[in-house]
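These are my notebook entries from a reading of one chain. I set down what I looked up, entry by entry.

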Amino acid sequence: MSAVIRKFQVTFDAAEPERLGRFWCEVLGYTAPPPKGFDSWEDFRQSEPEDKRGSWFALTDPSGEGPRIYIQRVPEGRTAKNRLHLDVRVGTGLVGEERLAVLEAEATRLEALGAVRVQVLYDGTDSCISMQDIEGNEFCVD
């Protein structure tokens, strides 16, 4: 019996879904088309009941290859380390100083967007930079 490949979406809990979504659009090169039937997110928000406005945001890979990312507002803040995190893959196939330089350049770009650098892991060959997004969720530049 062969495995069936299924599409999936990644869901984040957040305090400010649209703000976090716009951050991840910049990180990943994703887009955030408004919901079907609306010309903009603002038009959509105006159609929602006031207590639901801004409760979610979604972004997609314009190439259609990556998963959809859905961000939902939750009342509680993050209280512990993520059990799952994203790896932003920019150094695939590179090693040593060349890999580290590419990762450092990407980490610097992401810091300008509001990300926080946590730790650089480098053993002379392989490297990874752990970071936090604008709501404190961990991710790696890999």
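**Entry 1: Arg109**

I began with the accessibility of Arg109, which comes to 34%, so Arg109 counts as partly exposed; the class runs between the buried limit of under 20% and the exposed limit of over 50%. I note at the outset that the model is predicted. I located Arg109 in helix α3. I then asked which residues Arg109 touches once those up to four places away in sequence are set aside. I found Glu26 and Val27. Val27 lies 82 residues from Arg109 along the chain, and I read a separation of 8.7 Å between their C-alpha atoms.

**Entry 2: Asp133**

I turned next to Asp133, which sits in the loop between β6 and β7. Is Asp133 buried or exposed? Its relative accessible area is 3%, so I record Asp133 as buried, the limit for that class being under 20%. I listed its contacts, leaving out neighbours within four places in sequence, and obtained Phe12, Leu20, Phe23, Trp24 and Phe139. I also looked up Ala115, 18 residues away from Asp133 along the chain, and found the two C-alpha atoms 4.6 Å apart.

**Entry 3: The chain as a whole**

I counted the secondary structure next: the chain has three helices and seven strands. In sequence order I wrote the pattern down as β-α-α-β-β-β-α-β-β-β. The C-alpha trace spans about 55 × 40 × 30 Å along its principal axes. Of the 142 residues in the chain, 37% are buried. The area that the chain exposes is about 8,900 Å², and I noted that carbon and sulfur atoms supply 52% of it.

I then considered contacts between residues with a separation of 6 or more, and found that 55% of them join residues 24 or more positions apart. For charge, I recorded 17 positive and 25 negative side chains in the chain. The centres of these two sets lie 5 Å apart.

**Entry 4: The three-stranded sheet**

In what order do the strands of the three-stranded sheet stand? I read the order as β1-β3-β2, in an open sheet with mixed pairing. β1 (9-14) and β2 (56-59) are at the edges with a single partner strand each, so one side of each has no neighbour in the sheet. Neighbouring strands here are turned against each other by 15° on average, with direction ignored.

I took the two pairings in turn. β1 runs parallel to strand β3 (residues 68-73), with six bridges between them. Within this pairing, I noted Ile69 of β3 as the bridge partner of Val10. Helix α1 (residues 17-28) packs on this sheet and touches β1, β2 and β3. I read an angle of about 15° between the direction of α1 and that of β2. The other pairing, β2 with β3, is antiparallel and has four bridges. Ala58 is opposite Tyr70 of β3.

**Entry 5: The four-stranded sheet**

I then looked up the sheet of four strands, which is open, has mixed pairing and follows the order β4-β7-β6-β5. Which strands form its edges? I found β4 (86-88) and β5 (116-122), each pairing on one side only. Neighbouring strands of this sheet are turned by 25° on average, direction again ignored.

I examined the pairing of strand β6 (residues 127-132) with strand β7 (residues 138-141), which run antiparallel and are joined by four bridges. Ile129 is opposite Val141 of β7. As recorded in Entry 2, the loop between β6 and β7 holds Asp133.

**Entry 6: Helices on the four-stranded sheet**

Last, I checked which helices lie across these strands. α1 lies across β4 and β7 and runs at about 40° to β4. Helix α3 (residues 96-112) lies across β4, β5, β6 and β7, and I read its angle to β6 as about 10°. I close with a return to Arg109: this residue of helix α3 touches Glu26 and Val27, residues up to four places away not being counted.

Conventions
Residues numbered from 1 in each chain as written. Predicted model: local features only at pLDDT ≥ 70, side-chain atom pairs only at ≥ 80, totals over all residues. Heavy atoms only, no water. Pairing = 2+ DSSP bridges. Axes fitted to C-alpha atoms, helices over the stretch in contact; angles between N-to-C directions. Contact = heavy atoms within 4.5 Å. Buried < 20%, exposed > 50% of the residue type's maximum accessible area, 1.4 Å probe, protein only. Areas by Shrake-Rupley, 256 points an atom, 1.4 Å probe, with all protein chains shown as cover. Lys, Arg positive; Asp, Glu negative; His and termini not counted. Charge placed at Lys NZ, Arg CZ, Asp CG, Glu CD.
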